[in-house]
Amino acid sequence: MEATAMVLENDALAVRISSKGAELQSVVCEGIERMWSGDPAVWGRRAPLLFPLIGRLRDGWYANGGERVDAPMHGFCRDRAFAAEQVSGTHARFETVSDEGTRAVFPFDFRLRVDFSLEGATIVKAHTVENAGEVPMPFELGGHEAYATRLLPSERMADYYVRFEGADALGMFDMDEEGILALPKIGVPLEDGRLTKTPEQLGIDTVVLENVPGGRVVLASAANPHEVEVEFPDFPYLGIWTKAGQDDARYLCLEPWSALPDAHFSPRELAEKPGVRVLAPGERATLAYRMTFR
């Protein structure tokens, strides 16, 4: 199926979403592009959808009922063709269902719908997961939006920070060289509630946080008034990431996650991993987050 683009517009935003991976491609606010360009020489993705897994698996596999299942990092939806529907000028819907290929790495029948809606300067992204099979279905779901930084010619990445609501200290999970989480947690330095360092500057691939105060963060700059606020009350975890080796990156990923990536302290059984949700046959769950551009 060839990828198509859905375009949403209102007085505040012009948004483009690809049917490949139901991926947010562009957000223009007040004439300024607010999403990462997806430059393949740096990092070729923009906002991949993580389902039914988040992050890497220990040794590349998990257990389902005691049986080994080999699966790729972040699941398979980020490269999957979704059926796309333009519901209105401010609402688009994307849907995919299980097939023989998905069952090889995730042995469950599912239906996944992703709705994008504009509400003023806010994009609401709602994910509805349905267990279409006859056995309980565990799943993980997450976002991976890369927001543009260095919006003005004179800016540096050092001008940017992530602001946390009512927080003067945070703890992130440790992580080994394979991207597998570990304990104990490590203190994250904040300056007046602001994280001013990139993950690489903190000596880690990804900052992974649990129960962020208020379920809300803001990406902002000391050099311009533009901000993006991400509200994610349905998601107990947050990842913060840029690809290593970029001293002056042009993006930062703020990633709401429903579950933790794999960890040395996690069981092998998928249904027992921290944060994993399990749907009964026929049951649905909707998890949403909001992205507001100012």
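Me: In this predicted model, what is the bridge partner of Val28 in E4?

Reply: The bridge partner of Val28 in E4 is Glu33.

Me: How do you know that strand E3 and E4 count as paired?

Reply: Two strands pair if DSSP finds at least two bridges between them. Strand E3, residues 23-29, and E4 are joined over 2 bridges in the antiparallel sense. The requirement is therefore met, and the two strands count as a pair.

Me: What makes E1 and E4 edge strands of the sheet?

Reply: The open sheet has 4 strands in the order E1-E2-E3-E4, with antiparallel pairing. Strand E1 (5-9) and strand E4 (32-33) each have a single partner strand, so one side of each is left without a neighbour in the sheet.

Me: Why are Arg56 and Trp241 called lining residues of the largest pocket?

Reply: A lining residue has an atom within 4 Å of a point of the pocket. Arg56 and Trp241 are among the 20 residues that line the largest pocket, so each of them satisfies this cut-off. Both also belong to the residues nearest the centre of this pocket, as do Met73, His74 and Asp205. The volume of the largest pocket is about 340 Å³, and its lining divides into 9 nonpolar, 5 polar and 6 charged residues.

Me: What makes Met157 count as nonpolar and Lys197 as charged in the second largest pocket?

Reply: Met counts as nonpolar and Lys as charged, so Met157 and Lys197 fall into these two classes. The lining of the second largest pocket comprises 9 nonpolar, 3 polar and 4 charged residues. Strand E13, residues 160-164, gives the most to this lining, with 3 residues.

Terms used. Residues are numbered from 1 along each chain as its sequence is written. This is a predicted model: local features need pLDDT of at least 70, side-chain atom pairs count only at pLDDT 80 or more; totals for chains, interfaces and linings use all residues. Side-chain values use heavy atoms; hydrogens and water are left out. On a 1 Å grid over the protein atoms alone, a cavity is a set of points where a 1.4 Å probe fits but cannot get out, and a pocket is an open set with protein on both sides within 12 Å along at least five of seven lines; lining residues have an atom within 4 Å of a point. Grid points are joined across faces, edges and corners, and a volume is the space filled by probe spheres set on the points.
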